[in-house]
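Here is a walk through one protein model, written for someone who would rather look at the fold than at a list of numbers. Keep the viewer open as you read.

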Amino acid sequence: MTTRPKRPEDRELTLTERARRSQLMEVTVELVADRGYAGASLAAIAERAGITKAAVLYHFPSKAAVVQAAYEHVLGALVENVGTAVEAAGPDQAPAAYVRSMIGHLREHPRHTRMIIEAMTHGDTPHDTAARWRPLADLLRAAEPALGPRTDADLRTLAIITGGAIDAVVAERLADPDYDTEAAADQIVALICGPRPA
């Protein structure tokens, strides 16, 4: 009786396998950013990585799996960057650090931005909207002792509006590389952290 060799997901990966998977995720990010979700076929991923399609399938069981891994990789880098900035700021500066680091990271990594957009638009993974607004709402709540309580909007709505503003600034930067995202981030910060209405 023959047994099939264990696939990477069935066991701990070797250093070489981890490096290959990382390469495949980076190649997938590039392809999705450059060609869109449809343009990142298994054949295109294999060609860009310099390996066979079968070798891609050894590491990931499907195109959806490699795209999902690439999306999670990009999202993890964003979350780590924003988390580091927020942790370095005091509670009263955390909302500003969140906005500035979010916009800054996406500005500096336009392919990551495109990957996130494509994965959310074409991916099969349901997205938890609260995962987007709740962290900022929590930061705004923690900043209230220093900034004063908000009476003009509930924090969930304010966080949703801020997320939309961040998305719009990043989209504008993708369309116009000369767009001043730092000034835009400052304006968003002023809106959410500035003087409270009477």
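## A covered helix and its surroundings

Helix 5 is mostly covered, with 13 of its 15 residues buried. Buried here means under 20% relative accessible area, exposed means over 50%, and partly exposed is anything in between (1.4 Å probe, protein chains only). Helices (H or I, at least four residues) and strands (E, at least two) are DSSP runs, numbered from the N terminus.

Before going further, a word on what you're looking at. This is a predicted model, in which local features need pLDDT of at least 70 and side-chain atom pairs count only at pLDDT 80 or more, while totals for chains, interfaces and linings use all residues. Residues are numbered from 1 along each chain as its sequence is written, and side-chain values use heavy atoms, with hydrogens and water left out.

**The overall picture.** The protein chain has 9 helices and 0 strands, so to speak a plain run of α-α-α-α-α-α-α-α-α along the sequence. Of the 198 residues in the protein chain, buried ones make up 40%. The chain exposes about 11000 Å², and carbon and sulfur atoms supply 56% of that; accessible areas come from the Shrake-Rupley method with a 1.4 Å probe, and for residues only the protein chains shown count as cover. Among contacts between residues at least 6 apart in sequence, 66% join residues at least 24 apart. Contact means heavy atoms within 4.5 Å.

**Three helices by length.** The expected span of a helix is 1.5 Å times one less than its number of residues. Here is how three of them come out:

| Helix | Residues | First to last C-alpha | Expected span |
|---|---|---|---|
| Helix 4 | 26 residues | 38 Å | 38 Å |
| Helix 5 | 15 residues | 20 Å | 21 Å |
| Helix 6 | 13 residues | 18 Å | 18 Å |

**The core.** Which residues have the most contacts inside the largest nonpolar core? They are L24, Y98, V99, M115 and I166, in a core of 53 residues. A nonpolar core is a set of buried Ala, Val, Leu, Ile, Met, Phe, Trp, Tyr and Cys residues joined through side-chain atoms within 4.5 Å. The elements giving two or more residues to this core include helix 1 (15–35), helix 2 (42–49), helix 7 (130–147) and helix 9 (181–193). Helix 4 gives the most, with 9 residues. As for L24, leaving out residues up to four places away in sequence, this leucine touches I45, A49, I51, V56, H59, F60 and V66.

**Helix 4.** The buried residues of helix 4 are K63, V66, V67, A69, A70, Y71, V74, L78, V82 and V86. Their cover includes helix 1, helix 2, helix 5, helix 6 and helix 7. Take a look at K63 too: its charged end sits over the ring of Y37, 4.1 Å from the ring centre. A charge counts as sitting over a ring if NZ of Lys or CZ of Arg is within 6 Å of the ring centre and within 35 degrees of the ring normal.

**Helix 6.** In helix 6, the buried residues are H112, T113, M115, I116, E118 and A119. What covers them includes helix 1, helix 4, helix 5 and helix 8. H112 has a relative accessible area of 13%. Setting aside neighbours within four places in sequence, H112 is in contact with V29, V74, A77 and H105.

Is R114, also in helix 6, buried or partly exposed? R114 counts as partly exposed because its relative accessibility is 31%. R114 touches A33 and L174, not counting residues up to four places away in sequence. R114 and V29 are 85 residues apart in sequence, yet 8.4 Å apart in space, C-alpha to C-alpha.

**Back to helix 5, then on to helix 8.** R100 is found in helix 5. With a relative accessible area of 37%, R100 is partly exposed. Beyond residues up to four places away in sequence, R100 touches A185, D186 and V189. R100 and A183 are 83 residues apart in sequence and 9.8 Å apart in space, C-alpha to C-alpha.

T162 has its place in helix 8. T162 counts as buried because its relative accessibility is 2%. Not counting neighbours within four places in sequence, T162 is in contact with V99, L136, I188 and I192. V99 is also one of the residues with the most contacts inside the largest nonpolar core.
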